[in-house]
Amino acid sequence: MLSVLANRTYRHLFLAQVIALVGTGLATVALGLLAFEIAGREAGAVLGTALAIKMIAYVVIAPIAGALAEVLPRRGMLVTLDLVRAGVALALPFVSQVWEVYLLIFVLQSASAAFTPTFQATIPDVLPNERDYTRALSLSRLAYDLENLLSPAVAALLLLLVSYHTLFFGTVAGFLGSALLVISVLLPKPKASVRRSFFERTVRGLRAYLATPRLRGLLAISLSVSAAGSMVIVNTVVLVQAELGLGQRQTAWALAAFGGGSMIAALLLPTLLNRVRDRRVMVAAAASLPPALVLSSLQPAYPALLALWLVTGLAYAAAQTPAGRLLRRSSSDENRPSLFAAHFAASHACWLLCYPLAGWLGAAAGLATAGLVLAAIAATGVASALALWPADDPEELKHDHPELAPDHPHLVEHGRAGGAHRHDYRIDELHPSWPRHGQGS
């Protein structure tokens with residue numbers, strides 16, 4: 001897996017991701033303490049609202065960023081966004097009003113919503129070999145999981161020496177370090193494309209995303225993943241401390257079990273995906289999430305909860321980590337940023353649904369009800385994925401273009417003037433819809 005770090009450009013980008021993630025993890029801890037200082041007992045409501053603002057920013061801003069990434073130099077765009085995030089982190093320690101927190105969080109998460117899909121869309125161009133790209137996806141998953149496990153520990157150690165305000169300066173350092181690493185390498189330039197209005201560039205990624213069967217299936221799997229992830233992230237503390245009467249340390253271990261399962265999946269996936277098709281791995285993993293949510297509703301004893309969260313974390317990562325492979329397979333160099341941005345927005349719309357549902361149902365109707373409702377949502381996602389994503393999903397599809405002249409360059413390129421032909425099929429200007437059963441469009 002580590003062999004891909006021999007590529008200097010990818011190595012610098014990966015380190016930029018890791019440093020920025022550590023900074024983000026420190027900010028997460030510091031933000032909770034800041035909310036408590038400002039709002040006291042209402043800190044939970046403040047954080048819940050901030051989380052909703054984050055999801056709204058992701059859903060709204062990501063498609064706009066995808067449109068910009070098609071025409072702007074990627075390196076300059078990424079560095080600028082890192083600097084914006086550093087500026088916001090620098091301002092956070094000085095706020096004293098809740099509305100100021102909300103405003104800065106919206107700016108910070110808007111910059112992240114623009115940064116992340118642009119960054120993700122760059123990696124397939126840096127690592128064109130699919131095996132290398134699969135290893136990069138697993139490394140990225142590991143980086144996210146390590147951040148979830150290590151950042152709270154690092155923050156706790158720092159808080160023994162400094163006030164929580166200082167954690168924000170660690171976040172600033174993380175984003176500045178990320179910017180320096182990005183600027184140290186040359187990144188692929190956006191491919192020249194047909195001139196379009198800004199609105200057309202903004203929506204075409206989503207249109208292509210929804211017109212591609214495997215990506216509709218990916219969105220359905222994202223719904224299952226967000227249902228399970230929301231139950232874990234929102235309600236673990238309630239399960240452990242309110243239902244089982246245990247403490248903060250046990251809550252941390254439960255979350256660590258979930259993260260550990262995710263890390264195991266990240267280590268196993270490169271080998272597994274060389275032998276088993278993405279659809280089978282992802283659907284099987286997603287299908288294990290509804291039963292896990294049903295079991296969580298039965299108020300399991302603590303050892304059983306640890307085992308359950310370990311398995312849930314493994315399935316959670318296995319279901320979503322291969323997403324980048326599907327997006328790469330379904331996009332051209334020219335429209336890749338907009339397609340990654342479309343998935344980023346659509347998948348976070350699932351989280352925007354499930355996050356508040358997990359919290360509100362858990363508080364109003366109990367954790368058992370929340371677990372069962374989220375299990376039903378996860379099962380709906382799995383059933384939808386099976387229906388929307390054909391089991392036979394070849395990259396090359398046979399189709400024709402009766403609307404094109406026999407000497408059109410596309411037909412000439414594929415050697416079938418005016419007739420049916422076969423090639424890697426992606427939604428674009430010449431292929432606006434998916435062929436039925438691989439036949440003529």
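Let me start with a word we'll need: a residue is buried when its relative accessible area is under 20%, exposed when it is over 50%, and partly exposed in between, using a 1.4 Å probe and protein chains only. By that yardstick, buried residues make up 51% of the 441 residues in this chain.

Two housekeeping points, and then we can look around. This is a predicted model, so to speak of its ground rules: local features need pLDDT of at least 70, side-chain atom pairs count only at pLDDT 80 or more, and totals for chains, interfaces and linings use all residues. Residues are numbered from 1 along each chain as its sequence is written, and side-chain values use heavy atoms, with hydrogens and water left out.

Now the overall layout. The chain has 16 helices and 2 strands; these are DSSP runs, with helices being H or I of at least four residues and strands E of at least two, numbered from the N terminus. I'll also talk about contacts, meaning heavy atoms within 4.5 Å. Take the contacts between residues at least 6 apart in sequence: 82% of them join residues at least 24 apart.

Next, the inside. A nonpolar core here is a set of buried Ala, Val, Leu, Ile, Met, Phe, Trp, Tyr and Cys residues joined through side-chain atoms within 4.5 Å. The largest one has 99 residues, and the members touching the most others are Tyr10, Ile123, Tyr209, Leu218, Ile221, Trp309 and Leu374. Another core, of 21 residues, lies apart from it, and includes Ala89, Leu104, Ile105 and Phe168. Back to Leu218 for a moment: setting aside neighbours within four places in sequence, Leu218 is in contact with Tyr209, Met282, Ala323, Leu326, Leu327 and His343.

Let's move to a pair of helices. Two packed helices are described by the angle between their axes and the distance between the axes. So how do the axes of α11 and α15 cross? They come within 8 Å and cross at roughly 175°, with α15 covering residues 367-388. The axes are lines fitted to C-alpha atoms, for helices over the stretch in contact, and angles run from 0 to 180 degrees between N-to-C directions. That makes α11 roughly antiparallel to α15, on a scale where angles under 35 degrees are roughly parallel, over 145 roughly antiparallel, 65 to 115 roughly perpendicular and the rest oblique.

Which residues meet there? From α11 we have Pro290, Leu293, Val294 and Ser296, and from α15 we have Gly371, Leu372, Leu374, Ala375, Ala378 and Ala379. The residues of this contact divide into 8 nonpolar, 2 polar and no charged. In that count, Ala, Val, Leu, Ile, Met, Phe, Trp, Tyr, Cys and Pro are nonpolar, Asp, Glu, Lys and Arg are charged, and the others, Gly among them, are polar.

Follow the chain on from there and you reach the loop between α11 (289-296) and α12 (302-320), where Ser297 sits. Ser297 counts as buried because its relative accessibility is 9%. Beyond residues up to four places away, Ser297 touches Ala368, Gly371 and Leu372. Gln299 lies in that loop between α11 and α12 too, and counts as partly exposed at 47% relative accessibility. Most residues other than glycine have a negative phi. Gln299, though not a glycine, has a positive phi of about 55°. In helix α12 we find Pro303, which is exposed, with a relative accessible area of 59%.

Now to helix α14, residues 336-364, the home of Ala358. Is Ala358 buried or exposed? Ala358 counts as buried, at 0% relative accessibility. Its contacts, leaving out residues up to four places away, are Ser230, Met231, Val234, Asn235, Ala370 and Leu374. The C-alpha atoms of Ala358 and Ala227 are separated by 8.0 Å, with their positions 131 residues apart along the chain. Gly362 lies in α14 as well, and is buried at 17%. Gly362 touches Leu357, Leu367 and Ala370, again not counting residues up to four places away.

Last stop, the cysteines. How many disulfides does the structure hold? The number is 0, where a disulfide is a pair of cysteine sulfur atoms within 2.5 Å. The sulfur of Cys354 has its closest cysteine sulfur in Cys350, at 6.7 Å, which is too far for a bond. Cys350 is buried at 9% relative accessibility, and Cys354 is buried at 0%.
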